[in-house]
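Student: Could we go through this one slowly? I'd like to know what the terms rest on.
Tutor: Sure, take a look first.

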Amino acid sequence: MRRVVCPGSFDPITNGHLDIIGRSARLYDEVTVAVLINVEKSSLFTVDERIEILQTVTKEYPNVKVRKFHGLLVDFCKQNDIPAIVKGIRVVSDFDYELQMAQLNYRLSGVETLFMPTNPEYSFLSSSRVKEIARYGGDVSGLVPDLVHQLLIERLRG
Ligand code: PNS
C-alpha cells in the first residue's frame, strides 16, 4: 500500500489544496489529509468543522481520508506508517520555506517530502487571502469549493 500525507491548516480548504489532494489521490493508493491542531493560531473554522468540510469536498476520492494531528508531522507519519509528505509549491518563495522543512523532517525521521507544482490557475491562492477577500465582501467563487464559499458568506456576514 503506497501511502502519502497532505498536511495543512486548511482554514479553509481552497481549490489549490483540492487540486493537490486530487492529483495525489491519482498517484497513491491512500492519501491522508492531516489537519494541524494549532492552539497558538486563531482560526475561522474549528478543526472539527475543517475536517467535516474536507470529508465532504473529497468524497469523490475513495482513497482519501481526513485526520487531525498535533505536534510534529513526522510523528503522525510514523504512527500511521506513512513514508512521504506531499506539498504543493505555488511560487519560488514557497520552495525556500518548504525545502528547509523537508530537510528537517527527513533529518528527524527519514520521512520523504515530494513537491508538486500547483496548478497555475491557483498559484496566487492562499487560505488567508481567501478569508480577507470574503471578509470585505469580495467574490471568492471559483477559488474555493462551493460549500466553502457558502460557509464563508455565512460565517463572515455577521
Ligand atoms: O497550511 P499550513 O499552515 O501552511 O501547513 C503547515 C503544516 C501544518 C504543514 C506545518 O506547519 C507542520 O507540519 N506543522 C506541524 C509541526 C511540524 O512538524 N513542524 C515541522 C518541524 S521541521
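Tutor: Start with the word pocket: on a 1 Å grid over the protein atoms alone, a pocket is an open set of points with protein on both sides within 12 Å along at least five of seven lines, and lining residues have an atom within 4 Å of a point. A molecule sits in a pocket if more than half of its atoms lie within 2 Å of its grid points. The ligand here sits in the largest pocket. By the way, this is a predicted model: local features need pLDDT of at least 70, side-chain atom pairs count only at pLDDT 80 or more, and totals for chains, interfaces and linings use all residues. Residues are numbered from 1 along each chain as its sequence is written, and side-chain values use heavy atoms, with hydrogens and water left out.

Student: What makes a residue part of the shell around the ligand?
Tutor: One of its heavy atoms has to lie within 4 Å of the ligand. Pro7, Gly8, Ser9, Leu36 and Lys87 are among the residues that surround the ligand. Helix 4 (92-109) and strand 1 (3-8) each give two or more residues to that shell, and helix 4 has the largest share, with 3 residues. Helices (H or I, at least four residues) and strands (E, at least two) are DSSP runs, numbered from the N terminus.

Student: How do you know that Ser9 makes a polar contact with the ligand?
Tutor: A polar contact is a pair of N or O atoms within 3.5 Å. A polar side-chain atom of Ser9 is 2.6 Å from a ligand oxygen, so the pair meets that cut-off. For Leu73, a polar backbone atom lies 2.9 Å from an oxygen atom of the ligand.

Student: What is the volume of the largest pocket, and what lines it?
Tutor: Its volume is about 1,200 Å³, counted as the space filled by probe spheres set on the points, which are joined across faces, edges and corners. The lining has 39 residues, and His17 and Glu98 are among those nearest the centre. Helix 4 gives the largest share of the lining, 7 residues.

Student: Why is the bond between Asp11 and Pro12 worth a look?
Tutor: Most peptide bonds are trans. The one joining Asp11 and Pro12 is cis, with omega about 0 degrees. Pro12 is in the loop between strand 1 and helix 1, and Phe10 lies in that loop too.

Terms used
A polar contact is a pair of N or O atoms within 3.5 Å; within protein, one must be able to donate a hydrogen and the other to accept it, and residues adjacent in sequence count only if both atoms are side-chain atoms. On a 1 Å grid over the protein atoms alone, a cavity is a set of points where a 1.4 Å probe fits but cannot get out, and a pocket is an open set with protein on both sides within 12 Å along at least five of seven lines; lining residues have an atom within 4 Å of a point.
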